[in-house]
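This report walks through one protein model. Keep the sequence and the structure in view while reading.

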Amino acid sequence: MLLESSAPVLPVQRMSDAQKSAVRQILESFDCGQNVLLCAGKSREKIFSELSRRAIESGKDVLILRPGIEKSEMKIPAVYFCHGISPAQKRNAVFRIRNCGPVLVVGEASAVLLPFRNLGLVIVDDEFSTGYKQTFHPPFFNARDVAFVLARIWNSNLLLCAGTPSLESLYNCTAGKL
């Protein structure tokens, strides 16, 4: 059963010329089949919103990973998957991802394990964070690395974002992976 009416409606954001230029460069890199490492400050939210809006309009799911999500961040129309929600809300999130039209998922590390139908964009915010490494409860994994593999499996675009990128990501840039 496919429920088409649940696709989030993301508003068009007012962006500065620098943000518009960043979106244009990111889209050009995606068109060339390249993953992107974005080093941006607080203005990255508008870039995420614009890229997500475009992916959803093209019928693709979007996953935005964050190392920790606060209730105050839950303002945009999205499926949230984090520690702060109840088991019933998690089941509802899984149901919406499996059965609804294109969805925007904002989640913590475990969101990479959700059953996406048509993943088109994966954004890893603060990609250097140790919050992506699951070391307390099995399965043990690094969500940033899983996001990289997930994007490859779905042939989707990957955007890693950081104010200060990790050494691994800088190495991947020099090696041509990003």
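The text below goes from the whole chain to its sheet, its helices, its cores and a few single residues.

**Overall layout**

The model is a predicted one. The protein has 178 residues, and 47% of them are buried. Its accessible surface is about 9700 Å², with 54% of that area belonging to carbon and sulfur atoms. Five helices and eight strands are present. Read from the N terminus, the elements follow the order α-β-α-β-β-α-β-β-β-β-α-β-α. Among contacts with a separation of 6 or more, 76% join residues that lie 24 or more positions apart.

**The sheet**

In what order do the strands of the six-stranded open sheet lie? The order is β1-β8-β5-β2-β4-β3, and the pairing is parallel. Strands β1 (36-38) and β3 are at the edges with a single partner strand each, so one side of each has no neighbour in the sheet. From one strand to the next, the twist averages 15°. Strands in a sheet pair through backbone hydrogen bonds, in either a parallel or an antiparallel way.

The table lists four of the pairings, each with one pair of facing residues.

| Strand pair | Sense | Bridges | One facing pair |
|---|---|---|---|
| β1 and β8 | parallel | three | V36 and L159 |
| β5 and β8 | parallel | five | L121 and N157 |
| β2 and β5 | parallel | five | D61 and L119 |
| β2 and β4 | parallel | four | V62 and L104 |

V62 also has a bridge partner in β5, namely L121. On its other listed pairing, V62 has L104 of β4 as its bridge partner.

Is β5 largely enclosed or left open by the rest of the structure? Seven of the seven residues of β5 are buried, so the strand is largely enclosed. Strand β2 is also largely enclosed, because five of its five residues are buried. The residues of β2 point in two directions: D61, L63 and L65 one way, V62 and I64 the other way, and all are buried.

**Two helices**

Helix α4 (residues 143-154) packs on the sheet, where it touches β2 (61-65), β5 (119-125) and β8. The direction of α4 makes about 160° with that of β5.

Helix α3 covers residues 87-99, which is 13 residues. At 1.5 Å a residue this helix should span 18 Å, and its end C-alpha atoms are 18 Å apart, so the two values agree. Which residues of α3 are buried? They are A93, I97 and N99. The cover over the buried residues of α3 includes β3 (79-81) and β4 (104-107). An α-helix has 3.6 residues a turn, so residues three or four places apart point the same way.

**Nonpolar cores**

The largest nonpolar core holds 27 residues, and L63, L65, V105, V122 and V124 have the most contacts inside it. At least two residues of this core come from each of β2, β3, α3, β5, α4 and β8. Helix α4 gives the most, with five residues. A second core, separate from this one, has 26 residues, including V36, I56, L104 and L121.

L65 is one of the residues with the most contacts inside the largest core. Leaving aside residues up to four places away in sequence, L65 touches a number of others, among them G107, V112, I123, V124, Y132, A143 and A147.

**Two residues compared with the cut-off**

S156 sits in the loop between α4 and β8. Is S156 buried or exposed? Its relative accessibility is 8%, and buried means under 20%, so S156 counts as buried. Apart from residues up to four places away in sequence, S156 touches N35, L119, G120, L121, V122, L150 and A151.

Q134 is in strand β6 (residues 133-134). With a relative accessible area of 23%, Q134 is partly exposed, because that class lies between the limits of 20% and 50%. Again not counting residues up to four places away in sequence, Q134 touches A109, P139, F140 and F141. Q134 and S110 are 24 residues apart along the chain, and their C-alpha atoms are separated by 8.6 Å.

Notes
Residues are numbered from 1 along each chain as its sequence is written. This is a predicted model: local features need pLDDT of at least 70, side-chain atom pairs count only at pLDDT 80 or more; totals for chains, interfaces and linings use all residues. Side-chain values use heavy atoms; hydrogens and water are left out. The expected span of a helix is 1.5 Å times one less than its number of residues. Buried means under 20% relative accessible area, exposed over 50%, partly exposed in between (1.4 Å probe, protein chains only). Contact means heavy atoms within 4.5 Å. Accessible areas come from the Shrake-Rupley method with a 1.4 Å probe; for residues, only the protein chains shown count as cover. Two strands pair if DSSP finds at least two bridges between them. Axes are lines fitted to C-alpha atoms, for helices over the stretch in contact, and angles run from 0 to 180 degrees between N-to-C directions. A nonpolar core is a set of buried Ala, Val, Leu, Ile, Met, Phe, Trp, Tyr and Cys residues joined through side-chain atoms within 4.5 Å.
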